[in-house]
Amino acid sequence: MRAFKVSKRAKSIEYAIRDIIGFAKNLEKQGRKILYLNIGDPVKYDFDTPKHIKQALFDAVNSGANWYAASEGERDLKESICEKEKKVNGVDITPENVIVTAGVSEGIHLLMAAMIEKGDEVLIPGPTYPPYMSYVQFFEGTPVAYRTIETENWQPDIDDIRAKISKSTRAIVIINPNNPSGALYDEKTVKQILDIAGEHNLLVLSDEIYDRIVYEKKFVSTSHIAKDLPVVGLNGFSKAYLMTGWRLGYLYFHDTAGRLNELKECIEKETRIRLSACTPVQKAGAVALRGPQDHIKSMVDELRKRRDFSWKRLNEISGISCTKPEGAFYVFPKIEQVGSRWKNDMEFVLDVLNNTGVLFVPGSGFGEKYGSGHVRAVFCAPLGIMQKAFDMLEGFMKK
Ligand SMILES: Cc1ncc(COP(=O)(O)O)c(C=O)c1O
């Protein structure tokens, strides 16, 4: 019997961060121990969702908040999001300008579905968080990678952004702090990108999911300095509130002149056909934003130690070099012998996995042009595990 036909668009989906896991699972089945340094989920390691947030979820379920929520999000949560954005990031928005999503991931999906027509181009940082490329492609647009400069701690190349604008460009994506590079963009850089967007009438999409995970310098929200330029902000609860598995995020429209009204209405229509984000989780989300925030400082303090360790340790290994991440929880080291000893970064990652059991993500999965020749490592794991992983990596490199 012939297999049922599937769409080309679905067939072409790739997601390096998760696609790579199959190889590790196969080795695990053969009894090998795997050290997973591939997934950006602190809750998979030794960080846990704060107790008061767990209690709020329990209370919400127990008190009967188990119905479908409003499609665009529960009012109280949207109000708490506005309070947080004002207090933490200095962004003025009203609940009418917020849409609650099942994670930033759903926000990216809804946004691209509402924005992209065949042939539209979106400028995306290179390297990037992969779903930005995937969703633009899924809706028949073209992701265009703009260079971020490794020797300048992966800061955006403003001239490259300018050079890559075409008649088809619709938007510029900023991911700050960045996954996978760990870069934190300063106010001047963000302002330069906003100026280009203003000159060319482009929308800025600003993913700020790591806004509270920064180590030395202060984070500046794009919307805080955008003045009258429209910005769609994307943020969520997965990282700072350790709620990865609960799937909660939001989009907001910083839009002083009402230029995004139609986009917002279209996204609201899209939210209706998927009914709503999870109701009790939304109740817990409001408690997370308004309740004690102490866990963020302790998490960042612990992550800083792990960042310092992995950055130093990786740079000690011959053939590997990396910049110091200033935000998020990723390092993006360069593997010098990719192209000679290994054909590409995928071959390197598989060779390391087979020989040591340590799992990284190939850099090309974050964009072929600017990610190749690198790997992404997550530094959420306890120091002992990372020490073991990097010792094994060093032994392997010396072979
Ligand atoms: C830059 C960036 N945006 C969005 C996401 C996904 O977030 P969520 O869990 O809210 O879907 C991630 C997850 O790693 C990320 O790194």
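## Where two domains meet

Domain 1 and domain 2 bury about 3,400 Å² between them, and 58% of that area lies on carbon and sulfur atoms. The model in which this interface is seen is a predicted one, and its protein chain is divided so that domain 2 covers 51–290, while domain 1 is made of 8–48 together with 295–398. Between the C-alpha centres of domain 1 and domain 2 the distance is 25 Å.

Turning to the residues themselves, 39 residues of domain 1 are in contact with 37 residues of domain 2. The count of residue pairs in polar contact between domain 1 and domain 2, with both residues at pLDDT 80 or more, is 18. The elements that give two or more residues to the side of domain 1 that touches domain 2 are helix 1 (8–11), helix 13 (294–316), strand 11 (330–331) and helix 15 (368–371). Of these, helix 13 supplies the largest share of that side, with 7 residues. Sorted by class, the side of domain 1 that touches domain 2 holds 20 nonpolar residues, 8 polar residues and 11 charged residues.

Charged side chains also pair across this boundary, where 3 salt bridges are found between domain 1 and domain 2. A reader who wishes to look at a salt bridge in the structure can turn to K217 and E326, whose side chains meet in one at 2.8 Å, taken from N to O.

Definitions and conventions
Residues numbered from 1 in each chain as written. Predicted model: local features only at pLDDT ≥ 70, side-chain atom pairs only at ≥ 80, totals over all residues. Heavy atoms only, no water. Domains from an automatic or database assignment. Contact = heavy atoms within 4.5 Å. Buried area = accessible area lost by both parts, 1.4 Å probe. Salt bridge = Lys/Arg side-chain N within 4 Å of Asp/Glu carboxyl O. Polar contact = N/O pair within 3.5 Å; in protein donor to acceptor, adjacent residues only side chain to side chain. Helix = DSSP H or I, 4+ residues; strand = E, 2+ residues; numbered from the N terminus. Nonpolar A, V, L, I, M, F, W, Y, C, P; charged D, E, K, R; others polar.
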